[in-house]
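Subject: The structure I promised you

Hi,

Here is the structure we talked about. Have a look at it first, then read on for what turned up in it.

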Amino acid sequence: MEKVKQITDLNLVAYLLTCGFKYLNPPKFSPKFAVFEFEKTSELEEACQGYYGRTAKVVALTLCENLRTIKSMVQELRGW
């Protein structure tokens, strides 16, 4: 079983950060995506299911701040 989950959905990344998960390494870039790696655990999988199942609850302002930070970081690292 893989120990790393790669995620390209920036909204999901922001949600996971809001839930307290940390990504393992700086993001990797493909031509169209930023790839974030998280340790693959049952807690992470449950959080992803809650996100995609629309049952997850987090503090909205913190989620927005995390999303803004991630987008800014990606733009800076890509040189946009």
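Before we start, one term: a polar contact is a pair of N or O atoms within 3.5 Å, and within protein one of them must be able to donate a hydrogen and the other to accept it. Also keep in mind that this is a predicted model.

**Helix α1, from start to end**

That term is useful right at the start of α1, where a side-chain oxygen of Asp9 reaches to within 2.9 Å of the backbone nitrogen of Asn11. The helix itself covers residues 10-18, with Thr18 in it. After α1 comes Gly20, which has a positive phi, near 105 degrees.

Which residues of α1 are buried? They are Leu12, Val13, Ala14, Tyr15, Leu16 and Thr18. These buried residues pack against β1 (4-7), β3 (34-39), α2 (42-52) and α3 (60-78).

**Thr18 up close**

Zoom in on Thr18 next. What does its side chain reach at 2.8 Å? One partner is the backbone oxygen of Ala14. Ala14 sits four places before Thr18, and here is some background on that spacing: an α-helix has 3.6 residues a turn, so residues three or four places apart point the same way.

The side chain of Thr18 also has a polar contact of 2.8 Å with the side chain of Asn66. If you leave aside neighbours within four places in sequence, Thr18 is in contact with Val58, Val59, Thr62, Leu63 and Asn66.

**How α1 packs on two other helices**

A quick bit of vocabulary: two packed helices are described by the angle between their axes and the distance between the axes.

Take α1 and α2. Their axes are 11 Å apart, and the helices pack at an angle of about 125 degrees. That angle makes α1 oblique to α2, and the crossing is right-handed. On the α1 side, the contact is made by Asn11, Leu12, Tyr15 and Leu16, while α2 brings Leu44, Ala47, Cys48, Tyr51 and Tyr52. Sorted by class, the contact of α1 with α2 has eight nonpolar residues, one polar and no charged ones.

Now for α1 and α3. Here the axes come within 8 Å and cross at roughly 125 degrees. So α1 is oblique to α3, and it passes α3 in a right-handed crossing. From α1, the residues making the contact are Leu10, Asn11, Val13, Ala14, Tyr15, Leu17 and Thr18; from α3, they are Thr62, Leu63, Asn66, Leu67, Ile70 and Lys71. By class, the contact of α1 with α3 divides into eight nonpolar, four polar and one charged. You'll spot Thr18 and Asn66 in that contact, the pair whose side chains are joined by the 2.8 Å polar contact.

**Two more residues to look at**

Is Gly50 buried or exposed? Gly50 belongs to helix α2, and its relative accessible area is 12%, which is under the 20% cut-off, so Gly50 is buried. Not counting residues up to four places away in sequence, Gly50 touches Thr55 and Ala56.

Then there is Arg54, in the loop between α2 and α3. Most residues other than glycine have a negative phi. Arg54 is not a glycine, yet its phi is positive, about 60 degrees. With 78% relative accessibility, Arg54 counts as exposed, because the cut-off for that is over 50%.

Happy browsing!

Methods
Residues are numbered from 1 along each chain as its sequence is written. This is a predicted model: local features need pLDDT of at least 70, side-chain atom pairs count only at pLDDT 80 or more; totals for chains, interfaces and linings use all residues. Side-chain values use heavy atoms; hydrogens and water are left out. Helices (H or I, at least four residues) and strands (E, at least two) are DSSP runs, numbered from the N terminus. Contact means heavy atoms within 4.5 Å. Buried means under 20% relative accessible area, exposed over 50%, partly exposed in between (1.4 Å probe, protein chains only). Axes are lines fitted to C-alpha atoms, for helices over the stretch in contact, and angles run from 0 to 180 degrees between N-to-C directions. Angles under 35 degrees count as roughly parallel, over 145 as roughly antiparallel, 65 to 115 as roughly perpendicular and the rest as oblique. A crossing is left-handed if the near helix is turned anticlockwise from the far one by less than a right angle, and right-handed if clockwise. Ala, Val, Leu, Ile, Met, Phe, Trp, Tyr, Cys and Pro count as nonpolar, Asp, Glu, Lys and Arg as charged, and the others, Gly among them, as polar.
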